[in-house]
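Please walk me through this structure, taking the aromatic pairs, the helix packing and the sheet in turn. I would like plain paragraphs that I can follow with the model open beside me.

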Amino acid sequence: MNSDSNAFTQYLQLRGKDSAAATGVLDTLNSRAADALAAIASHPDSDIFAPDYGVNLGHLPMQADLATSFRCGVPQLNSLLAVVANDVFYPTENLHRNAPEGLYAGSIRTIPEQFADDAASMLETGISDSDAPALVNSLLLHDGVYIRVEKGVEVEKPVQIVNILNSDIPLLTPRRVLIHAMPGSRIRVLLCDHSQTPATAHLNSQIVQVKVEADASVELYDIEESSAATTRYWQLFAEQADGSHLTVNTCYLTGGKTVNTYRISCGNNTDTSLSGLVIASGTENVSNRVDLRHTGTGATSKQLFKSALFDKSRGTFKGNIYVAEGAARTDASQSCRNLLASADARMVSEPQLEIYCDDVKCSHGATTGQLDERALFYMQTRGVPVEEARNMLTQAFMADVIDNISFEVLRQRMHMLVEKRLSGATADCSSCAACHAQSTE
C-alpha cells in the first residue's frame, strides 16, 4: 500500500468482508470507528500501517500452552496474572482466586452488565475522529482487558498483563487495556510485551485508557521485550480528576520500531509522574511523544526520559506541556537526556512549553552527548575493562528512571534487566513457566 488512504482503508475492506460480529460494548465502537476512518485521507504514521498484515477477524484463540510457552522477564512478583495472547484475553486461576473484593479484571468481550456503560464510555476516552491509528485499533478490536477498582479499595498485589505475540504470518494485533480507579482507590498495573515468534513481522497496536477519579492513585508500568521484526504503536490516554495521582513508567529493552504516545489531562491539585527508558541497538527505532495538559489549578507534573543509543539505532522525543488559561500554581518540569554510544546513532529531541497562565513554574530541557571519557579512564586505571566500564556508567545514567518505580520488587528486577541488556543479552521468551508457576501459587 503506497498511498496514505490505502494504508487505512485496507483495514476497512478487510473487516467488511468476513469479520466475526462484535459483541456488547464493542459493536458501537467498531461501527463508529469505521465511519470516522473512512473520512481520513492521510496521517503522519500511515507508513507504519501500510504493510500487508493479516488480522484475526474470526477471534481465533492462539494455539499454545500458555503455562509453558512464554517467558516474562519479571518473575516472582506475586502478582495477579492475566495473559493476552495475540488479541485474545486469558485470565488465570491465580487472578480468579486471589483478586480482592472491589477489584474486577476481565475481558471486555464478556463484561458484566453492571460495568457495560462504564466500559463503553472509557473505550472512547481521548480518541478523536482524526486519530487514524487509534481508529484502526477501534475498528478491529474484539477483545481487551477491563480493570476497575471500587471506591476506597487499595489493591495490594499488582495486576500483571503479559502480552504475547505468536503467529507464523505477518499479523496486526489490536489490544486495549481500560483502567478505572474509583475515588480514593489505589492500584498498580504492569504490562509486559513479548514476541514468541521473533522472525514474524508483527504490528502491535495497543491503547491504554486510564481514568483516575478524585484522590485515587494509579501506577502503570510498561516493559517491552519484543523482537526486531515487531512494530509497536502504543497509545496512552489518561484523565486525572481532582487530587488524583498517576505514575507512568515505560521501559524499552528490545524491539524493532516503537512509537509510544502519552496524552494526559490533569485536573486540580493532581500529581503526575511520567518517565521512560530506552536502550536501543542495531537498527532499532524508538519514538516517545508526550502531550501533557494542565487544565486545573495547583497541579504538579514531572517528566524524565532517558535514552542510550548504540550502533545505528534511532531515537525521537517530542514532548509538550500545555498550561491552560487559569491553571494557576502549576508546577511542571520536563527533562530529556540521551547518550549516543556510536557515531552512527541519532537522537532528535523537541521539548516544548505552551503556557497561557502567568502564575506557574515550568521548565524543560534536553541534552545529548557521550559518556564522560574521564570517568572511563579513571575506571580503567582501577582495573575495570573498558566495555564493562561503559556498561556500568550507562547503567548509572539510567538509574534515576528506574528509581521512579515505587514497587520495590519490580525496581530491583528492572536494574537486573537493564544490566543484562547492556551486556548484550536479548529478550528470551523460553522460561515463563517459572513466572507462571510462581504467580499461580
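Eight aromatic pairs occur in this predicted model. One of them is formed by Tyr-104 and Phe-115, whose ring centres are 5.2 Å from each other and whose planes make an angle of 50 degrees, a tilted arrangement. This pair links distant parts of the chain: Tyr-104 belongs to strand 4 (residues 103–107) and Phe-115 to helix 5, with the two residues 11 apart.

Helix 5 also takes part in helix packing. Residues 113–123 make up helix 5, and helix 2 covers residues 25–38; the axes of these two helices are 9 Å apart and meet at an angle of about 20 degrees. An angle under 35 degrees counts as roughly parallel, and helix 2 and helix 5 are therefore described as roughly parallel to each other. Their crossing is right-handed. Helix 2 contributes Val-25, Leu-26 and Leu-29 to the contact, while helix 5 contributes Ala-116, Ala-120 and Leu-123. Of these contact residues, six are nonpolar, with no polar and no charged ones.

Next comes the sheet. It is open, has 10 strands with mixed pairing, and follows the order 3-2-6-8-10-12-14-16-18-20. Strand 3 (88–91) and strand 20 (360–369) are at the edges; each has a single partner strand, so one side of each is left without a neighbour in the sheet. From one strand to the next, the twist averages 10 degrees.

At the strand 3 edge, the pairing is antiparallel: four bridges join strand 3 to strand 2 (residues 80–85). Within this pairing, Val-84 has Phe-89 of strand 3 as its bridge partner. The two strands form a hairpin with two residues between them, and Asn-86 in the turn has a positive phi of about 55 degrees.

Elsewhere in the sheet, strand 16 (residues 300–309) and strand 18 (residues 330–340) run parallel and are joined by 10 bridges. Ala-308 stands opposite Leu-339 of strand 18.

Which strands does helix 8 lie across? Helix 8 (residues 386–402) lies across strand 12 (245–254), strand 14 (271–280), strand 16 and strand 18, and runs at about 155 degrees to strand 16. Helix 9 (residues 408–422) packs on the sheet as well, where it touches strand 8 (186–195), strand 10 (217–225), strand 12 and strand 14. The direction of helix 9 makes about 25 degrees with that of strand 12.

Definitions and conventions: Residues numbered from 1 in each chain as written. Predicted model: local features only at pLDDT ≥ 70, side-chain atom pairs only at ≥ 80, totals over all residues. Heavy atoms only, no water. Axes fitted to C-alpha atoms, helices over the stretch in contact; angles between N-to-C directions. Parallel < 35°, antiparallel > 145°, perpendicular 65-115°, else oblique. Left-handed = near helix turned anticlockwise from the far one by under 90°. Contact = heavy atoms within 4.5 Å. Nonpolar A, V, L, I, M, F, W, Y, C, P; charged D, E, K, R; others polar. Pairing = 2+ DSSP bridges. Phe/Tyr/Trp six-rings, centres within 6.5 Å; stacked < 30°, edge-to-face > 60°.
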